[in-house]
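Work through the exercises below with the coordinates open. Each task is followed by a stepwise solution.

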Amino acid sequence: MNNPLKLLIPAVAAILTAVSCSLVEGLNGPKEFSFEGASSAEVSAATQDIDFSFRCDKEWTASLKGGRFVKLLRESVAEDGVGGAVTVRVSLNESETLRRDTLVITSGSKSMSAVISQKGLSSYLSATELVLSEAGSSLLIHAPYNWKLIAQDGDWFTIDPAEGAKGSVTVTFKANPRPEGEYDPRNGVAVFSCGHDHINIRLSQGQKDALLVSAEEIQTVALGGTFSLQALYNVDYSVEIGVDWIHQEGTKALSEDSYTFRVDENTAETERSGVIRFLADGLEAAVTVTQAGRDPLLGLETYGIYNETTPVTLYEPGVCQLGRYYNDTSLNFRIMDIEAGTVTDIRGYGIDLRAGDSVTLEVVTQEGSTSHEAVLLATEGERAWLRAKDGTGFILKI
């Protein structure tokens with residue numbers, strides 16, 4: 001026969017355990033813990049800042065699950081100690097792929113999340129390449145801030161309107177009439193600037209088809225003879241003779257074409273060269289192309305300053321502490337060696353830099369400061385690689 005008391009003891013123990021866990025969670029976790037307003041955000045492809053406000057009566061931390069295209073910009077606590085706010089910066093999405101990240105607010109044993117979704121580039125600009133027709137071509141803009149369009153390369157087109165306020169607008173690009181005797185294709189660039197974004201809009205217009213002959217009338221004697229005509233052209237053509245007493249003796253013609261070449265990335269550290277040959281029957285023209293090797297600094301990952309690839313100032317987890325301080329245009333990156341009591345500041349990294357851009361970095365220590373003219377080699381996630389003209393290498397957390 002089962003003892004009722006023995007059956008009751010496990011049930012009581014389970015209830016006491018649940019109550020105990022609930023009490024501990026109540027002591028550790030906040031009583032007020034919720035978003036004020038939206039707990040998610042869906043934005044266009046533009047670089048922009050997003051604010052999240054919430055209520056929390058305990059100490060809290062903010063983090064990002066991914067951190068590939070979203071960065072924590074500011075964190076603040078209201079004077080009442082309960083209100084909190086986090087500002088994140090979403091970087092430009094240059095693809096058409098929808099991408100997502102998650103902001104996580106943690107306090108004690110509790111956490112809450114805000115999903116950040118960013119649409120593809122067409123949610124910002126309808127195109128980044130336009131072929132201008134005779135009637136012109138349109139660009140649809142959805143701007144989160146005031147914007148401008150400036151013709152950077154090419155004076156053969158007009159822009160209307162060339163600037164505007166936040167919102168949606170259609171911009172028309174029109175080609176100016178060609179100068180007399182001009183038939184070649186035309187290319188140009190207009191730079192779209194909005195907030196932190198600077199995007200090249202590439203413009204082109206096809207050639208004006210032409211077949212020009214050097215004379216409209218030719219006078220020849222009864223005895224016959226020969227005459228010459230010059231043909232200028234940019235299209236394929238043939239010669240047809242409408243009577244049987246005129247015969248084509250042969251032709252000579254000279255035309256001009258334009259070619260564009262793309263160079264792939266050189267993944268080796270050694271320099272390489274190649275030859276482009278233009279070949280015709282019995283003719284050859286050669287162009288030698290030389291490409292520098294991949295910088296060996298890109299094979300390293302530890303944050304710090306390098307002499308070529310030899311560490312000078314290096315971040316050591318557990319020994320050093322990193323700091324990042326942003327303003328509207330640049331980042332101050334700091335490495336603090338707790339044991340040695342030294343602080344190294346690397347200032348001047350532009351938050352809008354792209355691979356290939358140049359920047360002047362200032363390195364400040366207790367011993368003084370030095371300036372380095374550097375080129376941004378590459379970025380990946382929160383890491384940026386730069387190489388200065390004097391050979392100094394930098395790996396920064398951005």
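**Exercise 1. How many bridges join strand 4 to strand 7, and which residues of strand 7 partner Thr61 and Leu64?**

Step 1. Strand 4 and strand 7 (residues 99–107) run antiparallel and are joined by four bridges. Strands here are DSSP E runs of at least two residues, helices H or I runs of at least four, both numbered from the N terminus. Two strands pair if DSSP finds at least two bridges between them.

Step 2. Thr61 has Thr106 as its bridge partner in strand 7. For Leu64, the partner in strand 7 is Leu103.

Step 3. Note the conventions before going on. The model is predicted: local features need pLDDT of at least 70, side-chain atom pairs count only at pLDDT 80 or more, and totals for chains, interfaces and linings use all residues. Residues are numbered from 1 along each chain as its sequence is written, and side-chain values use heavy atoms, with hydrogens and water left out.

**Exercise 2. Place strand 7 in its sheet: what is the strand order, and which strands stand at the edges?**

Step 1. Strand 7 also meets strand 8 (residues 110–118), antiparallel, through nine bridges. Leu103 is partnered by Ala114 in strand 8.

Step 2. Strands 7 and 8 form a hairpin with two residues between them. Gly108 in that turn has a positive phi of about 60°.

Step 3. The open sheet has four strands in the order 2-8-7-4, with mixed pairing. Strand 2 (40–43) and strand 4 (61–64) are the edges; each has a single partner strand, so one side of each lacks a neighbour in the sheet.

Step 4. Check burial. Seven of the nine residues of strand 7 are buried, meaning under 20% relative accessible area (exposed is over 50%, partly exposed in between; 1.4 Å probe, protein chains only).

**Exercise 3. Classify the ring pair Phe54 and Trp60: what are the centre distance and the plane angle?**

Step 1. Apply the criterion: rings of Phe, Tyr and Trp (its six-membered ring) pair if their centres lie within 6.5 Å. Planes under 30 degrees apart count as stacked, over 60 as edge-to-face, the rest as tilted. The structure holds nine such pairs.

Step 2. The centres of Phe54 and Trp60 are 4.9 Å apart and the planes stand at 85°, so the pair is edge-to-face.

Step 3. Add accessibility. Phe54 is buried at 0%, and Trp60 is buried at 12%.

Step 4. Extend the search. Ring pairs link Phe54 and Trp60 with Phe35 and Phe52 into a cluster.

**Exercise 4. Which parts of the chain does the salt bridge between Arg387 and Glu308 tie together?**

Step 1. A salt bridge needs a side-chain nitrogen of Lys or Arg within 4 Å of a carboxyl oxygen of Asp or Glu. The whole structure yields 12.

Step 2. Arg387 and Glu308 meet at 3.9 Å, N to O. Arg387 is in strand 28 (residues 383–388) and Glu308 in the loop between strand 21 (304–307) and strand 22 (310–314), so the pair ties together parts 79 residues apart in sequence.

Step 3. Arg387 is buried at 12% relative accessibility, while Glu308 is partly exposed at 44%.

Step 4. Take another case. Glu373 and Lys389 form a salt bridge with their closest N and O atoms 3.2 Å apart. Lys389 is exposed, at 73% relative accessibility.
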